[in-house]
Amino acid sequence: MTRKNIFEILEEKYNIEEETRKISNLFNKIKFMNTNHLNFQSELYTIEKLVDAVFSQWKQRGSCLNCTEMKEKLHLTQTVSDSDNIINTLEYYSNILYIVEHKIDILANFPLRGCSEYQMLLENIDILIDHLHYEKLIFEEDEKVILVPKDPAATAVAEISSSKDVAYAILKYHHASLKGQLDEKRRLLLSIANEYEPLLKKPIDGFTEYFDKATNMLNNMNIRHNNKSGKNKKRTHCPNE
C-alpha cells in the first residue's frame, strides 16, 4: 500500500464548516491600530469598525448604514452551516476586505497589528472559495466582489463578449443568489441573447442544429416572448413552466 504524505492527509482532512468558522474567527480577531490622531481616536479597530468609518463612501452600500445592518439584512448573524450561507458569508468578507484594501490607507494610518494573521485570512478565504469550486470576480468600477461557480465555458464566453453588461450577465447567471429566481434569470438570458442573436442568423457549417435549437429556445422557452399565456403560449416539459 502506497503511503500518503502529510500534505495529502491534510488535504483529505479539510472541513468546509470548520474552515468557515476559522475564517470568521480570524476576521473578528484582527485589529488595526490608528496612527493618525486627527481623524480617529487612538485605539484598536476591528475590520468592520474600520470599514464603518468609510462605509458611506462605498458604492454598493445600498441603504445600509454600517456593516452590522448589512449582515442582518443578509442573515449572516446566524450560525454558518448551509452552503448558501457559507457562500454569502465569504462574499461579504470579500467585499469588506475590498473596502479595506481600496478605501482605507492602511499603510499610512493603520499599520496592521499581527499582519501575518491578516495575510492568512486573505489566503484562507481564497482556499475555501476554491474548495467550494467557486471563483472571485472583482468589478473595480462598481466596487464589488461576487462569487460564482467555476464554469470555464461561461468564463470564456464572458471574456470575448463585446459588452461589459453582457459579460456580467453571463457570469451573474450562475450566482448562488439567483437560485429559483426564474424572472431574473430570464432577464439575464434575454440580455445575452440580444448580443449573440446576430450570430444565430449566420450559421457555421457543422453547427446548424445547434443554431436552430438556440433560436427555438429563445422564441419558445419564455425568454423573448411570453410563452405562458396569450398567442405565443407553448406547452413545454420544463417543471417550472
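Select Asp126 in this predicted model: the residue is partly exposed, with a relative accessibility of 39%. Next, display the side chain of Lys136, which forms a salt bridge with Asp126 at 2.9 Å, N to O. This pair joins distant parts of the chain, since Asp126 belongs to helix H7 whereas Lys136 belongs to strand E4 (residues 134–139), 10 residues apart. Colour Lys136 by accessibility as well; at 32%, this residue is also partly exposed.

Remain on helix H7 and select Glu117. The side chain of Glu117 meets that of Lys29 in a salt bridge, again given as N to O, at 2.9 Å. Here too, distant parts of the chain are linked: Lys29 lies in helix H2 (residues 16–29) and Glu117 in helix H7 (residues 115–131), with their positions 88 residues apart in numbering. Lys29 has a relative accessible area of 49% and is partly exposed, because the exposed class begins only over 50%.

Now move to helix H4 (residues 67–73), and select Glu69 and Lys73, which both lie in this helix. Their side chains form a salt bridge of 3.5 Å, N to O. The two residues are 4 apart, about one turn of the helix. Lys73 is partly exposed at 47% relative accessibility. Glu69, at 22%, is likewise partly exposed; the value does not fall under 20%, so Glu69 is not counted as buried.

To close the tour, show every salt bridge in the model: the count comes to 7, including the pairs Asp126–Lys136, Lys29–Glu117 and Lys73–Glu69.

Notes:
Residues numbered from 1 in each chain as written. Predicted model: local features only at pLDDT ≥ 70, side-chain atom pairs only at ≥ 80, totals over all residues. Heavy atoms only, no water. Salt bridge = Lys/Arg side-chain N within 4 Å of Asp/Glu carboxyl O. Buried < 20%, exposed > 50% of the residue type's maximum accessible area, 1.4 Å probe, protein only.
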